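Thanks, everyone. I will go through a handful of sites in one model, then turn to its empty space.

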Amino acid sequence: MARRSCVERLVSDELWELVEPLLPKPRRPRRGRTGRPRVPDRAALAGIVFVLKAGISWNALPAELGCGSGVTCWRRLREWQQIGVWQELHRLMLDRLAQQGLLDWSRAAVDSVSVRAKRRGELTGPSPTDRGKAGSKYHVLCDRGGLPLHALVTGANTHDSRMLAPLLDTNPGVREHPGRPGRPRRRPGKLHADKGYDYPRCRRYLTRRGIGVRIARRGIEDSTRLGRVRWVVERTMSWLLDFRRLALRYDRAESTITALLSLACALICHRRLAGHRPKPV
């Protein structure tokens with residue numbers, strides 16, 4: 001069996017089959033024009049995935065990987081973010097999971113995690129949990145099994161309760177039955193949240209949207225009881241922070257950190273999809 005290249009190990013054939021149709025077709029070089037050939041899209045994607053997982057700087061991307069330069073990968077990341085490739089990839093993964101019965105909408109969980117922003121930049125703010133140092137916060141909505149349904153980035157000083165409505169309102173939704181008419185599903189049956197969301201406006205919002213409310217009450221309920229259900233979102237946060245480029249933020253631009261977060265969510269979903277083997281009929 002032939003040994004797989006670094007690019008093939010970082011971007012499997014199954015993953016590339018899903019990504020390739022979403023990418024714009026590269027322009028043909030002009031006749032007679034000289035210069036370096038364009039780095040293949042699959043190689044550039046492999047370089048992006050490597051930086052996301054390893055947490056290295058773009059300029060430190062090893063040349064021996066065959067992914068082109070770090071600057072090339074960064075430019076390709078930004079270019080594809082502008083046309084919505086990463087968000088569409090995440091949604092496509094969720095559609096596939098739903099069609100195979102791997103998404104559970106009966107209940108969902110929401111939470112956030114703060115990370116330090118070494119170089120400040122957009123969507124940063126003084127972190128109340130890190131002595132006021134600049135940081136960002138990832139707000140995540142996951143299904144009953146912990147698969148990320150949607151994620152947003154804000155400054156670390158943004159209160160969790162303020163992002164509950166935007167997180168659910170901007171959820172792109174999932175098509176559980178391809179080819180059938182109807183709107184994509186966006187609402188879980190019930191939402192579990194910790195005491196940081198215990199505000200009347202959050203409860204009114206969920207009730208108005210027909211979502212069951214399960215929010216721990218401050219000064220009344222013990223958080224450990226709700227933790228029997230909410231542990232899945234804590235695990236989802238650990239999955240996200242395993243991508244070391246997210247665990248410590250170096251990217252200053254909003255578009256870059258948003259693209260990396262969407263890609264990380266898509267890779268988590270693809271890992272679940274790849275680990276599932278449909279039963280033979």
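Let me start with Ser127, which touches Ser114, Gly132, Lys133 and Ala156, leaving out residues up to four places away in sequence. Before going further, note that this is a predicted model. Ser127 sits in the loop between strand S2, residues 125–126, and strand S3. Is Ser127 buried or exposed? Its relative accessibility is 5%, and the cut-off for buried is under 20%, so Ser127 counts as buried. There is also a polar contact from the side chain of Ser127 to the side chain of Thr129, at 3.2 Å.

Next, the hairpin. Strand S3, residues 134–142, runs antiparallel to S4, and seven bridges join the two. One of the pairings puts Cys142 opposite Pro148 in S4 as its bridge partner. Five residues lie between the strands of this hairpin, and Gly146 takes a positive phi near 95°. How many residues of S4 are buried? Strand S4 covers residues 148–155, and seven of its eight residues are buried, which leaves the strand mostly covered.

Now Arg187. You will find Arg187 in the loop between helix H6, residues 164–169, and strand S5, residues 190–193. Its relative accessibility is 43%; buried ends at 20% and exposed begins over 50%, so Arg187 counts as partly exposed. Which residues does Arg187 contact, once neighbours within four places in sequence are set aside? They are Trp105, Arg209, Gly210 and Ile211. With Arg209 there is something specific to point at: the side chain of Arg187 reaches the backbone oxygen of Arg209 at 2.4 Å. As for Val174, it is 13 residues from Arg187 in sequence, and the C-alpha to C-alpha separation is 9.8 Å.

A helix residue next. Gln81 belongs to helix H4, residues 70–82. The relative accessible area of Gln81 is 14%, which is under 20%, and therefore Gln81 is buried. Not counting residues up to four places away in sequence, Gln81 touches Trp86, Gln87, Ser255, Thr258 and Ala259.

That leaves the empty space. Rolling a probe the size of a water molecule over the atoms shows where such space is left.

The largest pocket holds about 530 Å³ of space. Its lining comes from 20 residues, and those nearest the centre are Ser12, Leu15, His270, Arg271 and Ala274. Four elements give two or more residues to that lining: helix H1 (6–10), helix H2 (13–19), helix H3 (41–54) and helix H10 (254–275). Which of them gives the largest share? That is H10, with five residues. By class, the pocket lining has nine nonpolar, three polar and eight charged residues.

Then the cavity. The structure holds one cavity of 30 Å³ or more, and the space in the largest cavity is about 30 Å³. What lines the largest cavity? The residues are Arg107, Ala108, Ala109, Asp143, Arg144, Val229 and Val232. Strand S1, residues 108–116, and helix H8, residues 223–241, each supply at least two of the lining residues. The cavity lining has four nonpolar residues, three charged and no polar.

To recap the single sites: Ser127 is buried, Gln81 is buried, and Arg187 is partly exposed. That is all from me.

Notes. Residues are numbered from 1 along each chain as its sequence is written. This is a predicted model: local features need pLDDT of at least 70, side-chain atom pairs count only at pLDDT 80 or more; totals for chains, interfaces and linings use all residues. Side-chain values use heavy atoms; hydrogens and water are left out. On a 1 Å grid over the protein atoms alone, a cavity is a set of points where a 1.4 Å probe fits but cannot get out, and a pocket is an open set with protein on both sides within 12 Å along at least five of seven lines; lining residues have an atom within 4 Å of a point. Grid points are joined across faces, edges and corners, and a volume is the space filled by probe spheres set on the points. Ala, Val, Leu, Ile, Met, Phe, Trp, Tyr, Cys and Pro count as nonpolar, Asp, Glu, Lys and Arg as charged, and the others, Gly among them, as polar. Buried means under 20% relative accessible area, exposed over 50%, partly exposed in between (1.4 Å probe, protein chains only). Two strands pair if DSSP finds at least two bridges between them. Contact means heavy atoms within 4.5 Å. A polar contact is a pair of N or O atoms within 3.5 Å; within protein, one must be able to donate a hydrogen and the other to accept it, and residues adjacent in sequence count only if both atoms are side-chain atoms.
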